[in-house]
Structure formats: C-alpha cells, structure tokens
Amino acid sequence: MSKTKKNIYVAMSADIIHDGHIKIINEAHKYGEVIIGLLDDEVISSYKRYPLLGLEQRKVIFSSINGVSQIVVQKSLDYSDILRELRPNYVIHGDDWKEGTQKPIREKVLEVLDEIGGELIEVPYTRGVSITALEEALTALGTTPDVRRAKLRRLINSKEYVTVLEAHNGLTGLIVEKTQVEVNGKPKSFDAMWISSLCDSTAKGKPDIELVDLTSRLNTINEVIEVTTKPIILDGDTGGKVEHFVYTVRTLERLGVSAVIIEDKVGLKKNSLFGTDVEQTQDTIENFQHKIREGKKAQVTSEFMIIARVESLILKQGLKNALKRAHAYVEAGADGIMIHSKEKDPKEILDFIDSFRKDNKNTPIVVVPSSYNTITEQELSKHGANIVIYANHLIRSAFPAMKKTAETILQAGRAKEVDEMCLPIKQIITLIPER
C-alpha cells in the first residue's frame, strides 16, 4: 500500500455490477488508493442467492475498472480481521446499511476503525436500482446448458451444503426455482432440483419400476429446463445396460443436466424404501465399477457428475460392505457417493459418513433424509454431507391436497366448499408470467 496516499477500503459482492457500484468506486478514488474487498462465493451465498459470476470472474471485471488499485478477497461478512491487517485510512460504503441485517456489521466496522484510527465515509444509496428486478430479468432470459451444468460443482465447492428439492414438471420446477424464505434475517432458497424416477412415474400414474422410458423422462427434464435456471440432478435408477448408459450421459450433458445418480442394483427396479421386504439384488462391485468407468469415458465436459448410490444399508449388508463399495466406486471415477437408508434413526447414515471421511475428505456425499427426517441439514453437514435431497415431498404433499378437493366437491355437489383450498382463478391466470 502507498505510504504517500490514503488507502480506502470498499467491500463488495457485486456479481451484478450497476452504476451505483461505479459511483462508490469513483467517490472512493477521490480520497486515494482504492482497495476492493471482494466477498467470496461462499460468503455471498450465506446471505443471499448464489452469485451469478464466480470470484475469479469478478476479479477480472474489477481489476479493469479505472481507479481500483488492489483487489483482496474478503472471506467473511465481518470486516474486522481484514481491516486490522490492511489498516485503511477510510472505509466507504453506501448508506443503506444503517438499518436492517447489515446494521451489526456497520457497528463492528466503526469499532475497528476507531481502534486503528480510520474513518467511515457513507455515500447515498443509488435509488432506482433494483437488484431483484435485474435478477428477475436475467432469469427471464434463461440460461445455457453449459452454465447450468457447471453450477452444481460451483455450489459444492463454495457452500457448506447444497439443498435440493424434487421437481416433476414445469410448475414444480418453478416452485423450486422461486421459493424463498427468511431464516435468522437471511434469505434461504433451494440450490438445485432433483428429478426423481418415483415422482416422475407417479405424476404419470405409473408404478416406479422403470416403466417410464428414457424418452419420457427426457421430456420431463425439458419441461423443467424451459422454465428454470437452477442445476438439475437426475435419478438415473440403475443406469440400465452399460451400452445404453453411455448414451444417457451424453444426452444429459447436452441438455445441461449437472449430475446423474445411479444405484448399484440389477434386475427389475423396486423402490429402495421397500428394503428387504421385496427381492432386490445388488450388482457386483466389478460390474458397477465398469458402468461408472464407461460413463466417465463418454463424458465430453468436465463439469458433469456421475454419482454412485450405495444400497448396502438398504439391503442390510452392513457398514463394512457400504464403505468397501463406496471407496471402490470412487476409485472407478465416481464424482460423488450417495448413501441411502430406510431407518428412521440417522445413526447408520452418520456412521457411514464419519467412517468414509476418515479416508476420503473430499468426495461429495449425498444424503436423502426421507425416513430419518428428524435430523437437520446443518447436523448432516457437520458430519461431512455435501448435498441434501428432499426427494419426493412436493408430489407427496400435492396428492392429499388434490384428493381432498375432489372428495369435497363430490360430497357437496358443488365447488363452493373448496374455495379455501384453491388459489383464486385470477391468481392462477397470472401465476406464470408471460415472457
């Protein structure tokens, strides 16, 4: 840092850059050397949606802006450590953080500046710029297969854990895409969507025995892709014959799907949650390794993921068998491991994760807490899970609601009694905006 000029620190996320950001940088430049503290992807995603542009892309953009002398990476919303390290003369920020969720951060900045002899300069917030409106406009433009496909790996690498909800048509895809709530003052939404063979089959009124062929399932994927931008993980059942699986991989890649999960079973598909109540046969380790290797060879891009689903716990083969298979599948090239259980107690899942992590710190672990639903995402993440899938909850909640509506109409002989169960007609008409 310069010894003759004042140094100014400006923290920004700014993956959508607008004139307000440039005004702040220009104002900062009047005081001296401008240091931009770019929030990394994980920090941004901790308090709002995942950044559209990654850290490295944002570095390139900001380094080309006139007046920026230095770029550093800020790995926390709390400025304290980086301000003590850089000891800037000034911190410049928009005045919009005097109230709301950023107010405590502002107060901490003032404390540290008082400690190091610095000063806070606040510039008027740029009115008329709506990040939400800009994001909606970008969403309306859609995304490309390459951008969508790469998002899942970016999320895994930058977030504590990735949350996924099932979608079985365009409407449920929009629900996953747009649903957002506030938790502890921070927005929270789903990161990706799961297209399940169970939900896809059920929505078509057919049993979950791989009766719905790949062409029909691709139609569902296309329905979802047309109206959403978030990454998609496909339930690929067993993957079918090796010779067919390689073509499935290429097709999914081309569409922009981020990952396919295939399970190590053979024979007629039976839902895993039946466990040993029905006959289910686990594939040999060698055969399943071969399927994984051939699928990886067929890939054209590096972003697409083939995730191996280990059925040992479902089939009562024990932890040792599950671990042996998981490590073998990773050795064969699997990009992740999904471990499944039908027990209500999450203990065997946690035992697997803890044991697997002793030897493998990095391979993503996928969990599906349908039966053991008392455990939280945070608890699973602390043990080492990376992706949490809510695999069938939209269709399970939709069916009883629709059935109740049908029964009520029959009982009343009119529709008046179901008014409170239904969206108003006007809201339905405007539910899906014209583009």
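This section describes the aromatic pairs of the structure and a charge placed over a ring. The model is predicted, and a search of the whole structure identified five aromatic pairs.

One of these pairs is formed by Tyr-31 and Tyr-90, whose rings are tilted, with 5.2 Å from centre to centre and 55° between the planes. This pair connects distant parts of the chain, as its members are 59 residues apart. Tyr-31 is located in the loop between α1 (19-29) and β2 (32-39), whereas Tyr-90 belongs to strand β4 (residues 90-94). The two partners also differ in accessibility class: Tyr-31 is partly exposed, at a relative accessible area of 31%, while Tyr-90 has a relative accessible area of 16%. Because buried residues are those under 20%, Tyr-90 is classed as buried.

A stacked arrangement is found for Phe-352 and Phe-356, with ring centres 5.7 Å apart and planes at an angle of 10°. The angle between the planes is under 30 degrees, and the pair therefore counts as stacked. Helix α14 (residues 347-359) contains both Phe-352 and Phe-356, which are separated by four residues, about one turn of the helix. Both Phe-352 and Phe-356 are buried.

Aromatic residues also come together as a group of three, in that Tyr-9, Tyr-79 and Trp-97 form one aromatic cluster. In addition, a charged side chain is placed against an aromatic ring: Arg-250 lies over the face of Tyr-247, at 5.5 Å from the ring centre.

Technical notes: Residues numbered from 1 in each chain as written. Predicted model: local features only at pLDDT ≥ 70, side-chain atom pairs only at ≥ 80, totals over all residues. Heavy atoms only, no water. Phe/Tyr/Trp six-rings, centres within 6.5 Å; stacked < 30°, edge-to-face > 60°. Helix = DSSP H or I, 4+ residues; strand = E, 2+ residues; numbered from the N terminus. Buried < 20%, exposed > 50% of the residue type's maximum accessible area, 1.4 Å probe, protein only. Lys NZ or Arg CZ within 6 Å of the ring centre and 35° of its normal.
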